Amino acid sequence: MSRDEKMPMDCARFEEILHDLDRRGILDRALRESALAHAESCGRCARLLLEAESLDFGLRTLAAQDASLEAPPRVEAALLREFRRKKIATPFRTLSWRLAALGAAAAVILALGLLIYYKPWRGPIPQGNIARNPVVAQPQPGVAPNNSTNPVQASAVSGSQGGSENAEAATAPATDFVPLPYADRSATLEGGAVVRVVLSRQALASLGVPVVDVENGSPVAADLIVTEDGTPQAIRLVAQENTD
Amino acid sequence: MEPTDDGLLRRMIAGDEEAFALLYRRKHPAIYRFALRMTRNVAMAEDVTQEVFMALIRDAKRFDPTRGTLGGFLFGIARNHLRKRWELERRFTHLAEDADESGTLSSAEAPAASSNGSHGQTTAGHFEFTAIENTARLRQAISTLPENYREIVVLCELEEMSYEEAASALGCPVGTVRSRLHRARAILLEKLRGVPPVRRSPAVTQ
């Protein structure tokens with residue numbers, strides 16, 4: 001309030017601070033005394049001061065009259081009931097969260113276990129060749145039965161169309177039939193037709209067979225057991241003769 | 001030594017029912033009075049009080065002691081509840097001077113109001129709150145203030161909050177609290193003088 005102290009007290013200044021005159025800690029002592037001195041010499045401001053003091057008195061009276069007002073006991077009773085209800089509900093909610101977390105953890109562990117069980121790769125694959133023991137891998141979302149975009153089936157069709165060309169490359173089986181990841185195991189070796197196909201290395205990899213040098217463009221011959229609906233169930237790689 | 005509000009709140013959050021009861025008994029009268037003075041409706045004041053403390057039970061951790069007092073926080077909740085209700089029930093937005101509906105307090109019914117019937121207006125255009133003045137007229141004048149001014153009078157004058165506390169409760173700057181209170185008092189004086197509340201022209205410098 002140093003700026004205020006320097007300003008001369010007049011009616012405008014007086015009105016500006018009138019309602020803070022009786023309020024503690026708002027005006028400093030010098031400014032307050034200056035305002036009161038002004039009111040002593042100005043009839044209008046003296047009347048305003050009297051009004052303001054009367055209002056203060058009235059408000060204090062009103063506050064004192066209402067000081068004992070309280071909400072009825074039923075409000076407290078209702079709140080205490082709610083407090084107890086929440087106190088009981090909270091541990092249950094915590095427990096249910098814990099159970100949910102445990103369930104989720106168990107599901108993750110189970111999923112990991114199944115994944116490990118169905119995907120037992122055993123170390124590095126010999127460079128430049130397809131693994132001698134192809135294994136079942138994760139199901140590939142792109143491999144769907146009766147889907148013309150299925151790389152296996154597409155290659156199989158091309159394989160059958162160009163069978164005479166590929167027949168020279170493919171000769172004897174190199175591995176036993178290995179079920180594909182999504183195969184219906186009971187139907188794997190029963191009632192299916194064996195189809196010899198030529199697959200690109202990418203297509204072979206998409207079936208879950210570990211392949212090194214995927215970018216290599218040379219095709220790979222394989223036998224597939226295909227069920228009546230055209231779904232490949234098992235694969236057997238075919239050893240290739242070196243034509244060079 | 002009495003436990004602090006913060007201490008009680010911490011105990012309450014930990015599930016101590018006694019701490020909550022103590023906190024309620026300590027804080028609820030001011031909230032109830034605030035709601036009652038803002039609405040002049042006992043049932044609504046009870047509802048608002050209950051809602052404020054329900055909110056505290058549900059989410060006491062929302063209170064941040066670095067941003068103000070617990071009292072200010074509770075007043076803020078009460079004010080929000082009142083505003084929501086006013087939005088729904090427009091009839092409470094501008095309470096008629098002679099509002100005397102069922103459940104709404106008239107001046108004479110106000111819990112602690114005396115009713116000797118005399119007014120404080122003495123000389124023409126001049127108000128003096130004399131010893132024989134009853135508070136009914138002042139209560140009435142407060143209840144007819146616009147909402148923004150009424151809440152500031154209730155908080156700063158009747159609940160004796162500091163400007164800082166009121167600013168925290170209302171979520172506005174201290175300067176706004178001060179200027180609103182000055183204007184509210186000026187309107188009150190005009191009402192009590194019996195002249196229509198008009199904006200005062202710049203004072204004549206002596």
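**Salt bridges within and between chains A and B**

Let me begin with one pair in chain A, where A:R196 and A:D223 form a salt bridge whose closest N and O atoms are 2.7 Å apart. Because A:R196 belongs to strand β3, residues 193-199, and A:D223 to strand β4, residues 220-226, this pair ties together parts of chain A that lie 27 residues apart in sequence. The two partners are not equally covered: A:R196 is partly exposed, with a relative accessible area of 33%, whereas A:D223 is buried, at 3%. I should say at once that this is a predicted model, and I will come back to the confidence values a little later.

Staying with A:D223 for a moment, there is a second arginine to look at, namely A:R236, which lies in strand β5, residues 232-240, of chain A. The side chains of A:R236 and A:D223 are joined by a polar contact of 2.5 Å. Is A:R236 buried or exposed? Its relative accessibility is 18%, and since the cut-off for buried is under 20%, A:R236 counts as buried. If we leave out residues up to four places away in sequence, A:R236 touches A:P173, A:T175, A:D176, A:F177, A:V194, A:A222 and A:D223.

Now for chain A as a whole. Its secondary structure comes to eight helices and five strands, and if you follow the sequence the order is α-α-α-α-α-α-α-β-β-β-α-β-β. Of the 244 residues in this chain, 38% count as buried. Among the contacts in chain A that join residues at least 6 apart in sequence, 65% are between residues at least 24 apart.

The helices of chain A have a salt bridge of their own that I would like to show, between A:E15 and A:R44, with 3.0 Å between the closest N and O atoms. A:E15 sits in helix α2, residues 11-17, and A:R44 in helix α4, residues 43-66, so this pair ties together parts of chain A that are 29 residues apart in sequence. Here A:E15 is the buried partner, with a relative accessible area of 17%, while A:R44, at 31%, counts as partly exposed. Over all chains, the structure holds 28 salt bridges.

Let me turn to the place where the two chains meet. The contact takes 55 residues from chain B and 46 residues from chain A, and the area buried between the two chains is about 4,600 Å², of which carbon and sulfur atoms give 60%. How many salt bridges does the rule find across the interface of chain B and chain A? The rule finds nine, and across that interface there are also 18 residue pairs in polar contact, both residues having a pLDDT of 80 or more. On the side of chain B that touches chain A, the elements giving two or more residues are α2 (17-39), α3 (42-58), α5 (136-143), α6 (147-158) and α8 (174-193) of chain B. Of these, α2(B) provides the largest share, 11 residues. By residue type, that side of chain B divides into 29 nonpolar, 12 polar and 14 charged residues.

Two of the salt bridges between the chains deserve to be named. In one, the side chains of A:D56 and B:R185 meet at 2.6 Å, N to O. In the other, A:D66 meets B:R139 at 2.9 Å, and because A:D66 lies in helix α4 of chain A and B:R139 in helix α5 of chain B, the pair joins two chains. Both A:D66 and B:R139 are buried. This second pair also belongs to a wider set, since A:D66, B:R33, B:R37, B:R139 and B:E159 are linked in a network of salt bridges.

Finally, the confidence values, as promised. For the complex, the predictor gives an ipTM of 0.74 and a pTM of 0.56. Chain B averages a pLDDT of 79, and 72% of its residues score at least 70. Two stretches of chain B call for particular care: residues 97-103, where pLDDT stays under 50 and the model has 12 contacts beyond four places in sequence, and residues 106-124, where pLDDT is below 50 and the stretch has 43 contacts beyond near neighbours in sequence. Where pLDDT is low, the predicted coordinates should not be read in detail.

Technical notes:
Residues are numbered from 1 along each chain as its sequence is written. Chains are lettered from A and ligands numbered from 1 in the order in which they are written. Side-chain values use heavy atoms; hydrogens and water are left out. pLDDT is the predictor's confidence in each residue, from 0 to 100. Contact means heavy atoms within 4.5 Å. Buried area is the accessible area (1.4 Å probe) that two parts lose on being put together, summed over both. A salt bridge is a side-chain nitrogen of Lys or Arg within 4 Å of a carboxyl oxygen of Asp or Glu. A polar contact is a pair of N or O atoms within 3.5 Å; within protein, one must be able to donate a hydrogen and the other to accept it, and residues adjacent in sequence count only if both atoms are side-chain atoms. Helices (H or I, at least four residues) and strands (E, at least two) are DSSP runs, numbered from the N terminus. Ala, Val, Leu, Ile, Met, Phe, Trp, Tyr, Cys and Pro count as nonpolar, Asp, Glu, Lys and Arg as charged, and the others, Gly among them, as polar. Buried means under 20% relative accessible area, exposed over 50%, partly exposed in between (1.4 Å probe, protein chains only).
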